[in-house]
Amino acid sequence: MIRNRGTKDRLKIVRQLDAFPKIPEKYKTSSKIGGTLSVLSRALIIFLLYKEVIYYLDSDLVFKFKPDTDMDSKLKIHIDVTVATPCRSIGADILDSTNQNVFSFGVLEEDDTWWDLCPEQKAYFEYVQHLNDYLREEYHSLTHVIFKEIVFKGDHNVVYSLPQRSNKPNRPHDACRIHGTLTLNKVAGNFHITGGKSLHFPQGHVHISALFDETTHNFTHRINRFSFGDATAGIVHPLEGDEKILGESSMMAQYFIEVVPTDIETFMSRIKTFQYSVKENIRPIDHDKGSHGVPGLYFKYDVSALKVIVEQNRENIVQFLVRLCSITAGIIVICGIINTILQEIRDILLKWISPETYTKLEESQKAKRFNAPGVDTVKVVTKHEPIKTSNLLFSNAHLNADDVQYNFTVKQ
């Protein structure tokens, strides 16, 4: 509100103050082409501004490496492996580099089952297998897309597991499902499944083979789940959906796993998870040929000394506003140029095709200019005698442009 501290003349000056002066109406010419371009340009401006705002909000991701100094934290491992051997003939254990029996942090369950999947389980496993195969091949080109799903989606703790069996075959169990979650020390360790049950000692454990059990140890296996840390949607776990058919009974399958801590830092939260890479080696055990070892599955994991930090990166707000202004001004200028070009083309075509129409159009535009504010009276006369003097009486005049003279006075 402006307080009255001066004369009326001063208040009049304040009221007439305009920081953005407009072009007087008498210098403007309206046309259908200009109106159409105005509507189209404004629609285009709104669309591009909307896209720029969406692009600004959809920030980019920056990947950094940093030494992992958080050695006191624990490491969760989620396991769900099915082996084509009954549970009575095999045993599962984990040992870390501290020689501790990590089953003190949790217990893996062993359930007798059948190797063949029911239709629902088969459909689910084939889907996971196909998806992981694709992600492993295209991971480098889909990295930003995958991590943006983690950043912008809220269902970080969604876990999909193998469906329950809908039908039970009428035959003895021929497989063992080993599953569960263990909380480990953040050091290197070895999870293995071998023949015979294990006996634990203060300095380790030993597997006692079933000497009187004639069941062969078939280590054909299917990995339904194998991941580290809290469940995070979007993280690719290379071993999940893997299936290995080992025809011979004395086979050793080794998986060498490198676990990489990963921190995803957003503007609103921070997510801690783990990724891992894996190398595998499968070989038969033949002592006569120098291939020694104990048949079984061995998952040897180690934690990387470096961790990956994924951060959101958003450009400066000033740059964003400058880009919005440049879009608006650029479209207006371009539309003005297009309007001028189209008007010139229209005038040229009218002069060539229909001169009479062009003459009438010129007269109409002149009449609009004379009707503009600031023009007081107009005298319309012919070359021979005056016709009429009035305030802007062109609407009813039908005269040839060559026979008309325009005399007008302007208000002071």
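This briefing covers the fold, the nonpolar cores, one strand and one surface patch of the structure above. The model is predicted. Its protein chain contains 17 strands and 5 helices. Of the 412 residues in the protein chain, 35% count as buried.

**Overall figures**

- Contacts in the protein chain between residues at least 6 apart in sequence are mostly long in sequence terms, as 79% of them join residues at least 24 apart.
- The exposed area of the protein chain is about 26,500 Å², and 57% of that area comes from carbon and sulfur atoms.

**Nonpolar cores**

- The largest nonpolar core is made up of 33 residues.
- Within this core, the residues with the most contacts are Phe-191, Ile-193, Phe-226, Phe-228, Ile-257 and Phe-299.
- Eight strands are listed as each supplying at least two residues of this core: strand 2 (74–83), strand 3 (90–96), strand 5 (175–185), strand 6 (189–195), strand 9 (221–228), strand 11 (251–265), strand 12 (270–284) and strand 13 (296–303).
- A separate, second core has 8 residues, among them Leu-61, Phe-147, Ile-235 and Val-310.
- In general, nonpolar side chains of soluble globular proteins tend to be buried together.

**Contacts of Ile-257**

- Leaving aside residues up to four places away in sequence, Ile-257 touches Phe-226, Phe-228, Leu-239, Tyr-276, Ser-277, Val-278, Phe-299, Lys-300, Tyr-301 and Asp-302.
- Three of these partners, Phe-226, Phe-228 and Phe-299, are also listed with Ile-257 among the residues with the most contacts inside the largest core.

**Strand 9 and its partners**

- Strand 9 is mostly covered, with 7 of its 8 residues buried.
- Strand 9 pairs with strand 2 in the antiparallel sense, over 7 bridges.
- Arg-225 in strand 9 is the bridge partner of Asp-80.
- Strand 9 also runs antiparallel to strand 10 (residues 242–244), to which 3 bridges join it.
- In this second pairing, His-221 stands opposite Lys-244 of strand 10.

**Surface patch and helix 4**

- A nonpolar patch of about 1,000 Å² lies on the surface.
- The residues that make this patch are Val-333, Ile-334, Ile-337, Ile-338, Ile-341, Leu-342, Ile-345, Leu-349, Trp-352 and Ile-353.
- Leu-342, one of the patch residues, is located in helix 4 (residues 317–353).
- Leu-342 counts as partly exposed because its relative accessibility is 34%, which falls between the 20% limit for buried and the 50% limit for exposed.

Note on methods. Residues numbered from 1 in each chain as written. Predicted model: local features only at pLDDT ≥ 70, side-chain atom pairs only at ≥ 80, totals over all residues. Heavy atoms only, no water. Helix = DSSP H or I, 4+ residues; strand = E, 2+ residues; numbered from the N terminus. Buried < 20%, exposed > 50% of the residue type's maximum accessible area, 1.4 Å probe, protein only. Contact = heavy atoms within 4.5 Å. Areas by Shrake-Rupley, 256 points an atom, 1.4 Å probe, with all protein chains shown as cover. Core = buried A, V, L, I, M, F, W, Y, C linked by side-chain atoms within 4.5 Å. Patch = residues over 30% accessible without salt bridge, like charges linked within 9 Å, V, L, I, M, F, W, Y side chains within 5 Å. Salt bridge = Lys/Arg side-chain N within 4 Å of Asp/Glu carboxyl O. Pairing = 2+ DSSP bridges.
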